[in-house]
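Reader: I've got the model open and a few things I'd like to ask about it. Mind walking through them with me?

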Amino acid sequence: MGVKLFDRHPNRLELTAAGELAAKEAAAVLRRQELMVNRVQNFVAQNQALTIGAVVPGPLIILKRLAGAPLFNHQVDERLVEPERVPEELTDDRLGMVFTTTDLTGPDLIS
């Protein structure tokens, strides 16, 4: 990096102000990298089978009964999705479709 990140003292190292900033930025990069890996894995899973979720149990009960029917390649996520998390579940490719009780808004969402 070409900057001093540590101050050396007998028996210990101490981060400089630049070192503290570098550590915070590195942590943010690692978090973003983990999110990217999860999103890519979710995307691949979505392209193999449509993952369907719901905020209420009714649609999940019906979909589970259809589980061997030759409709389409799908899997049912049996957990109920918190209504406020629906946009995140869809945009992060954890779910490809969600039965919800409210309209969704957003540039990448169709309701």
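Author: Below are a few questions and answers on strands, a loop and a surface patch. This is a predicted model, where local features need pLDDT of at least 70, side-chain atom pairs count only at pLDDT 80 or more, and totals for chains, interfaces and linings use all residues. Residues are numbered from 1 along each chain as its sequence is written, and side-chain values use heavy atoms, with hydrogens and water left out.

Reader: How many of the five residues of strand β3 are buried?

Author: Strands here are DSSP runs of E, at least two residues, numbered from the N terminus. Buried means under 20% relative accessible area, exposed over 50%, and partly exposed in between (1.4 Å probe, protein chains only). Strand β3 covers residues 50-54 and is largely enclosed by the rest of the structure, because the number buried is four.

Reader: Which residue in β4 is the bridge partner of isoleucine 52?

Author: Strand β4 (residues 74-80) runs parallel to β3, with four bridges joining them. Two strands pair if DSSP finds at least two bridges between them. For isoleucine 52, the partner in β4 is valine 76.

Reader: And in β5, what does alanine 54 bridge to?

Author: β3 and strand β5 (residues 97-99) are parallel too, joined by three bridges. Alanine 54's partner there is phenylalanine 99.

Reader: Is asparagine 11 buried or exposed?

Author: Asparagine 11 sits in the loop between β1 (6-9) and β2 (12-15). Its phi is positive, about 65°, although it's not a glycine. With 85% relative accessibility, asparagine 11 counts as exposed.
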